[in-house]
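This briefing goes through one structure by topic. The sequence and the model come next.

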Amino acid sequence: MDTFPWWNEAQIRLAEEAAKFVDEVLMPVGMRSIAKNELAREATRLMAGRDWFGALVPKKYGGHFEDWGVTGAAILNEEAARAGVVGPLGTTMFGSATQLLHNGSEEQKQKWLPAMAKGELLGCITMTEPYAGSDIASIESTAVRAGDDYIINGKKRFQTTAAAADLYLCYFRTSGKPEDRAAYRHLSAFVVEKGAPGFHVEKVNDMIGMFGNYNGNLTFDQARIPAFNRLGNEGDGWKIMMGGLNVERILNAAPILGLMRECIRYAKQHLERRLQFGRPTGDIATNQFKLAEMISKLCLSRVMMYYACHCIDLGREIPVEAAVSKLFAADSLMETALEAIQCMGGNGALKIYPVQRIMQDAKLTQIAAGTSEVLKLLIYRQGTKRMKDDLKAPQRMIDPDLKVPLPVGKPPARVAARSEADVLAVLAENYRVNPGLHMTMDDIREWLEASDADLKKYLEALEARGWAGLYRTRQGIALARVTLAGLQQAHAPEYYRYIPDWAAPQDMF
Ligand SMILES: Cc1cc2nc3c(=O)[nH]c(=O)nc-3n(C[C@H](O)[C@H](O)[C@H](O)COP(=O)(O)OP(=O)(O)OC[C@H]3O[C@@H](n4cnc5c(N)ncnc54)[C@H](O)[C@@H]3O)c2cc1C
């Protein structure tokens, strides 16, 4: 495994040992489970024996968090995925251990974390419901307090490691009040233990991919759990869920890297050993390009994800980087798996090679832990917010010599707006500088000093005269532009004319 210069010694050692252990021990065990499509129990036991389940658990509770951190957890998930046995490892880490660590009471941590660190208790993250997928705030299942217990009713679906797990980190509705729903205070987080009365597996899902692990649906029929099992306070569920998503997304991205490496490995094996037209297929430039693209995607995915891990280990909040890591890796794996099969020809489609299976898993990676579309929404919203200063619209003016718009550099002093004519002049100038674009209220205020009320008054006056067009949202006027009549009112037609020097004068009219 390629290491990164910022990894500590323990992480570098862990990466070397994990890669060797996967190749020599875990790979045959994992592939056997996959071939039989049975839960990878033996591999889970072997990983537990090497303390891998304790990567995110502090030493105090028997883990290695201080040495390995989220980076170490990602290293292990990347490696385990190559052997196809990552499921329970990942869900135990991000499904329960992290959430318990950050939100559990000392008693709760003492009760569960040591056994989780040893791999004796497997975890599962339990959010999705039949009628609540991407819109996860719309969870319907309920937990109602009854003395020292909670009574739970509802259904969950698509849980990875369902049935095999011992601890289910669940989110249920604890308030039906509209004001709590509006403030995202309607959910609470609970640990539900396997064996709780009324808690059952409803279905094991047969799906493309995910061989060697369970994915299932759960049902809670008057299920009873102790109030002790609630994490945080009632109403903290949404906060807890959101707080765990960065690590969850990172640890969903990490296995993808291992799967990409396997695709490249098998494609390379074939390209070197398959002769067609009297030469290895790897001598064909288009096949080399395919491999080059796979390697590029792997490099970019790894740098992004391990950078995000490093930030989390430094204590930084990185929702955008975590989402980009998962999005980019998942989409890259989908393309990589398809191209690896293509490089291998018919062999790529055979079940005796893992690449066709990885292609199936690749589709799932674009859905689990936030679909690619939902991640793009998050990246758009949070990314543009975070880059607000960098993305500020450039202030430009027509250069008196060149007669084209150029950035102003240091902004000119703003002029006090005394009448609607001043606002019209700014809108008309914007027609020359940013043709076809409206102005925001802030854009106008870059040039004019005016209170909100005055600006609104002037713009509405211009609109009433037909000199400005306004675009309104629920918050009020959002965008403004000059109209044709406004342009005529502001300046003579010649003012708007621009003919570059290279244009032949005799052609102009
Ligand atoms: C392999 C696998 C493992 C999983 N493991 C777990 C688990 O361990 N625990 C758990 O709780 N859940 C798990 N899930 C569930 C997973 O989190 C959901 O499937 C996922 O969040 C999408 O929800 P959905 O399937 O209901 O799709 P929907 O929300 O119905 O979405 C359908 C389509 O519409 C798109 N869409 C939805 N809303 C928007 C929007 N606002 N803008 C743009 N596009 C949108 C989606 O991107 C998708 O393409 C798993 C799913 C899979 C496939």
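The notes below cover domains, the ligand shell, nonpolar cores, strands and backbone angles. The model is predicted. Its chain is assigned four domains: domain 1 (1–121), domain 2 (123–235), domain 3 (246–392) and domain 4 (396–507).

**Domains 1 and 3**

- The C-alpha centres of domain 1 and domain 3 are 21 Å apart.
- Contacts between the two involve 18 residues of domain 1 and 18 residues of domain 3.
- On the side of domain 1 that touches domain 3, helix H3 (65–82) and helix H4 (87–103) are the elements that give two or more residues.
- H3 supplies the largest share of that side, with 10 residues.
- By class, the side of domain 1 that touches domain 3 has 10 nonpolar, 5 polar and 3 charged residues.

**Ligand shell**

- The ligand is surrounded by 19 residues, and the closest are Thr128, Gly133, Ser134, Thr371 and Glu373.
- Strand S1 (123–126), strand S3 (149–160) and helix H11 (372–386) are the elements that contribute two or more residues to this shell.
- The shell is made up of 9 nonpolar, 9 polar and 1 charged residues.
- Domain 2 and domain 3 each provide at least three residues of the shell around the ligand.

**Nonpolar cores**

- In soluble globular proteins, nonpolar side chains tend to be buried together.
- The largest nonpolar core here has 110 residues, and Ile250, Cys263 and Ala340 touch the most other members.
- Helix H7 (residues 237–273) gives the largest share of this core, 16 residues.
- Another core, of 19 residues, lies apart from the largest one and includes Ala417, Ala450, Tyr458 and Leu462.
- With neighbours within four places in sequence left aside, the contacts of Cys263 are Met294, Thr336, Ala337, Ala340, Val355 and Ile358.

**Helix H10**

- Which residues of helix H10 (residues 355–365) are buried? They are Val355, Arg357, Ile358, Met359, Asp361, Ala362 and Thr365.
- These buried residues of H10 pack against helix H1 (9–36), H7 and helix H9 (319–344).
- Two of the buried residues of H10, Val355 and Ile358, are also among the contacts of Cys263.

**Strand S1 and its partner**

- S1 is covered on both faces, with Gly123 and Ile125 buried on one side and Cys124 and Thr126 buried on the other.
- S1 runs parallel to strand S4, and 4 bridges join the two.
- In this pairing, Gly123 is opposite Leu167 in S4.
- S1 is also one of the elements that give two or more residues to the shell around the ligand.

**The sheet S14-S17-S16**

- Strands of a sheet pair through backbone hydrogen bonds, either parallel or antiparallel.
- An open sheet of 3 strands has the order S14-S17-S16, with antiparallel pairing.
- S14 and S16 are the edge strands, each pairing on one side only.
- Strand S14 (residues 439–440) and strand S17 (residues 476–482) are antiparallel and share 2 bridges.
- Within S14 and S17, Met439 is opposite Ala480, and Thr440 has Leu479 as its bridge partner.
- Strand S16 (residues 468–473) is joined to S17 by 6 bridges, again in the antiparallel sense.
- Arg472 has Ile477 in S17 as its bridge partner.
- The connection from S16 to S17 is a hairpin through 2 residues.

**Backbone angles**

- Most residues other than glycine have a negative phi, and most peptide bonds are trans.
- Phe158 has a positive phi, near 75°, and is not a glycine.
- Phe158 is placed in strand S3, an element that gives two or more residues to the shell around the ligand.
- Why does Phe158 count as buried? Phe158 is buried because 20 other C-beta atoms lie within 10 Å, and the cut-off is 20 or more.
- Ala163 also has a positive phi, near 80°, and is likewise a residue other than glycine.
- Ala163 sits in the loop between S3 and strand S4 (167–173).
- Is Ala163 buried or partly exposed? Ala163 counts as partly exposed because it has 18 C-beta neighbours inside 10 Å.

Notes
Residues numbered from 1 in each chain as written. Predicted model: local features only at pLDDT ≥ 70, side-chain atom pairs only at ≥ 80, totals over all residues. Near = placed C-beta within 6 Å. Nonpolar A, V, L, I, M, F, W, Y, C, P; charged D, E, K, R; others polar. Domains from an automatic or database assignment. Contact = placed C-beta atoms within 7 Å. Core = buried A, V, L, I, M, F, W, Y, C linked by C-beta atoms within 7 Å. Buried ≥ 20, exposed ≤ 12 C-beta atoms within 10 Å, placed from the backbone. Pairing = 2+ DSSP bridges.
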